[in-house]
Amino acid sequence: MTEAHYETVALAPDLWLRAPALEAWLNDKARQGWSLAAMDDADVMLKEDGGGRRYRVVAHADAGLTAFLERCEAEGWRLAGSGEDVYILEDAAGTAKEIEDESTEAYVRRRCRRKALTWVGLAAA
């Protein structure tokens, strides 16, 4: 039996802003034979296990999150990890249906506006 290899990666802050880049990176790592083993805030642990999974990363506010995750699960996705308003969905079987998610784009726009207003307020003070 071969020993599993793990790699821990510290990601940049504000994951909600980088959801598409995080999704692309996870899917690229999956093609290289890695899968998401754990997530803690902005740190992820990857496991070298042959990969083959597919990932979807969404930024979502708590409002409506439960219904959204239930819909994703009904389409074949499972919640693999979360941190800083980012939810990583995994399709291990390769059979999950694509999910439409306008919430990520809208959520990121709202967060960017709030963050910009915060900085303007701090600069004015």
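This report walks through the folds of one protein chain, from the overall layout down to a few single residues.

**The big picture**

First things first: what you're looking at is a predicted model. The chain has 125 residues, and 38% of them count as buried. Its secondary structure comes to 3 helices and 6 strands. If you trace the chain along its sequence, the pattern you meet is β-α-β-β-β-α-β-β-α.

How much of the contact picture comes from residues that sit well apart in the sequence? Take the contacts with a separation of 6 or more: 62% of them are between residues 24 or more positions apart. As for the outside, the accessible surface comes to about 7,600 Å², and carbon and sulfur atoms make up 53% of that.

**A sheet of three strands**

Now find the open sheet of 3 strands, which has the order β4-β6-β5 and antiparallel pairing. Its edge strands are β4 (54-59) and β5 (78-83), each of which pairs on one side only. On average, neighbouring strands here are turned by 25° against each other, ignoring direction. In general, the strands of a sheet pair through backbone hydrogen bonds.

Let's zoom in on one of those pairings. Strand β4 is joined to β6 (residues 86-91) by 6 bridges, and the two run antiparallel. To spot a facing pair, look for Arg 56, which stands opposite Leu 89 in β6.

**Two helices with two faces**

Which strands does helix α1 lie across? Helix α1 (residues 19-31) lies across β4 and β6, and runs at about 165° to β4. You can check its length yourself: at 1.5 Å a residue, its 13 residues should span 18 Å, and the end C-alpha atoms are indeed 18 Å apart, so the two agree.

The buried residues of α1 are Ala 19, Leu 22, Glu 23, Leu 26, Asn 27, Lys 29 and Ala 30. These residues cover an arc of only 160° around the axis, so they end up on the same side of α1. The face turned away from that side carries the exposed residues Pro 20, Ala 21 and Arg 31.

Helix α2 (residues 65-74) has Leu 65, Phe 68 and Cys 72 as its buried residues. Looking down the axis of α2, you'd see them fall within an arc of 65°, so they line one face of the helix. What do they pack against? The buried residues of α2 pack against β4 and β6. On the face of α2 turned away from its buried side, you'll find the exposed residues Thr 66, Glu 70, Glu 73 and Ala 74.

Each of these helices is followed by a glycine with a positive phi, as the table shows.

| Helix | Glycine after it | Phi |
|---|---|---|
| α1 | Gly 33 | about 105° |
| α2 | Gly 76 | near 105° |

**One residue at the surface**

Finally, have a look at Asp 40, which sits in strand β2 (residues 34-40). Is Asp 40 buried or exposed? Its relative accessible area is 55%, and exposed means over 50%, so Asp 40 is exposed. Asp 40 and Ser 82 are 42 residues apart along the chain, yet their C-alpha atoms are separated by 7.6 Å.

Notes
Residues numbered from 1 in each chain as written. Predicted model: local features only at pLDDT ≥ 70, side-chain atom pairs only at ≥ 80, totals over all residues. Heavy atoms only, no water. Pairing = 2+ DSSP bridges. Helix = DSSP H or I, 4+ residues; strand = E, 2+ residues; numbered from the N terminus. Axes fitted to C-alpha atoms, helices over the stretch in contact; angles between N-to-C directions. Contact = heavy atoms within 4.5 Å. Buried < 20%, exposed > 50% of the residue type's maximum accessible area, 1.4 Å probe, protein only. Arc of directions from axis to C-beta. Areas by Shrake-Rupley, 256 points an atom, 1.4 Å probe, with all protein chains shown as cover. Expected span 1.5 Å × (residues − 1).
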